Amino acid sequence: MRFLLFYETDKFNTVNCMKNIKLLHAIFLISGTAIGAGLVALPLVTVNLGIYLSIFIIALMVFVAYQSSMMTIDLNAKNKEAASIIKLSEDLFVPRIASLLSFCTLSFALLTVYVSAFSETLSAFCNINNDFLIILCGIMLFAALSLNVSCFRKVNSALVLTLLVIVGFAVMRIHSDAGDVSLKYFESNVTTPELLAFLPIGFTSFGVQNICPHVYRDLNGDRKLISRAFIIGTIIPALVYIVFLSCVFENIITRDPMFFERLQNHQVSVGELIKFLCNSSNNLFMELIFKTLTLFAIATSAIGIGLGLLKSFQEMLSEKSNNRTIAAAIICLVPVLVGIIIPNAFIIVLSFGGMIATVFVIFVPHYLLKVRNLNEHRFGNNICLAFGILIVLCELSRYIM
């Protein structure tokens, strides 16, 4: 009897341990997908918002990212299996076409830019032909997407953990190099056009909804566990963004007020900002840290985007044992070819990426929930719907104003 009791206790502890490990991997997948281009894009668009308004809007983005993700999770629960938003809307022609086009367009655009950015950053380390580096990036992405589930979780979690360690080190170093915090850091000089430009970019900086079916599958459809994963997984990038923004602005204001004014007037490019941060400490080691930070941020985001596409492509291909390999090959081949033949072809798409994302992230899931009478979380879902409409109006107004 005592033996059976110990056996049951040991079995219970093992199950709980496995649950916690899976939860940790899910959190790393979510946060790693979110942390990416936002590290260098957000300083350019939040510089005039002031720290308090920036924190408020980032908190709003966390809520929308969480709630919109749970909309897709609820649809997966109704479907009783892990499925992309494209698969979930297959019985409704218009939503399926809309979600398919918006999802694939934005995903391939992001992958193309990430592959190009990764190759350009690598070229800063070594003098190698850029086309060769683009092909190398495609091969590395293919290798990551071809890993079995268990191995993939470990590799992705290791990459994200390394990214967080590098971010922490960079933040501490920037903070130690900066002087006293200037009042400029707290002032808000935001204009309406700047706010309209920031909202869509902020929204895409928390794009994690494409990995919902993977999180649902990995956590065995346990909504409570999935909810916890998305709460923690979206809060981590929010904290990283806020702390990183604070330290970057402190450093710039302290070291070069003229550069900060240029930043406020939107006369600084992403490349100039990275170069300034690399050179601000006059330390080759810190330059290496920032370049490595850029590489890992791009890598974790690219893997998350590629994983979301992989699920959708597997659903569209016939159920064969090698469909994962075929899907991964297609996903990696398209951005490589576009990156070589038409460099920066999808940069324009990124400028209205938030508007494209609202279709498969908010509008289609909200519509499907309504059609299937899943209104348990109506208030939060309606806030997401209103926010999605706001994002579309913000982007359209930029072309009118």
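**Group meeting: helix packing and a few side chains**

Okay, let's start with a cysteine: Cys212 is buried, at a relative accessible area of 0%. Buried here means under 20% relative accessible area, exposed is over 50%, and partly exposed sits in between, with a 1.4 Å probe and protein chains only. Cys104 is buried too, at 15%. How many disulfides does a search of the whole structure find? The search comes back with 0, where a disulfide would be a pair of cysteine sulfur atoms within 2.5 Å.

Quick housekeeping. This is a predicted model, so local features need pLDDT of at least 70 and side-chain atom pairs count only at pLDDT 80 or more, while totals for chains, interfaces and linings use all residues. Residues are numbered from 1 along each chain as its sequence is written, and side-chain values use heavy atoms, with hydrogens and water left out.

Now the overall picture. The chain has 17 helices and 0 strands; those are DSSP runs numbered from the N terminus, helices being H or I with at least four residues and strands E with at least two. Of the 401 residues in the chain, 51% are buried. Take the contacts with a separation of 6 or more: 84% of them join residues 24 or more positions apart. Contact means heavy atoms within 4.5 Å.

On to the helix pairs. Helix 2 (residues 38–46) packs on helix 8 (residues 192–204) at about 160 degrees, axes 10 Å apart. That angle makes the two roughly antiparallel. For the labels, under 35 degrees is roughly parallel, over 145 roughly antiparallel, 65 to 115 roughly perpendicular, and the rest oblique. The axes are lines fitted to C-alpha atoms, for helices over the stretch in contact, and the angles run from 0 to 180 degrees between N-to-C directions. Helix 2 crosses helix 8 left-handed, which is to say that the near helix is turned anticlockwise from the far one by less than a right angle; clockwise would be right-handed. At the interface, Ala41, Leu42, Val45 and Thr46 of helix 2 touch Phe198, Ile201 and Gly202 of helix 8. Helix 2 is mostly covered, with 7 of its 9 residues buried, including Leu42, Val45 and Thr46.

Second pair: helix 3 (residues 51–79) and helix 10, at about 155 degrees with axes 10 Å apart. So this pair is roughly antiparallel as well, but the crossing is right-handed. The contact list includes Ile55, Val62, Tyr66 and Asp74 from helix 3, and Arg223, Phe230, Tyr241 and Leu245 from helix 10.

Let me stay with Asp74. Is it buried or exposed? Asp74 counts as buried, at 15% relative accessibility. Beyond its neighbours within four places in sequence, Asp74 contacts Arg223, Leu369, Leu374 and His377.

Helix 10 also takes part in a ring pair. There are 5 aromatic pairs in the structure; rings of Phe, Tyr and Trp (its six-membered ring) pair if their centres lie within 6.5 Å, with planes under 30 degrees apart called stacked, over 60 edge-to-face, and the rest tilted. One of the pairs is Phe249 with Phe260, edge-to-face at 6.3 Å centre to centre and 80 degrees between the planes. Phe249 is in helix 10 (residues 223–255) and Phe260 in helix 11 (residues 257–264), so the pair ties together parts 11 residues apart in sequence. Both Phe249 and Phe260 are buried.

Last one: Leu393, in helix 17 (residues 378–400). Leu393 is exposed, at 51%. Its C-alpha is 10.0 Å from that of Pro200, and the two residues are 193 apart in sequence.
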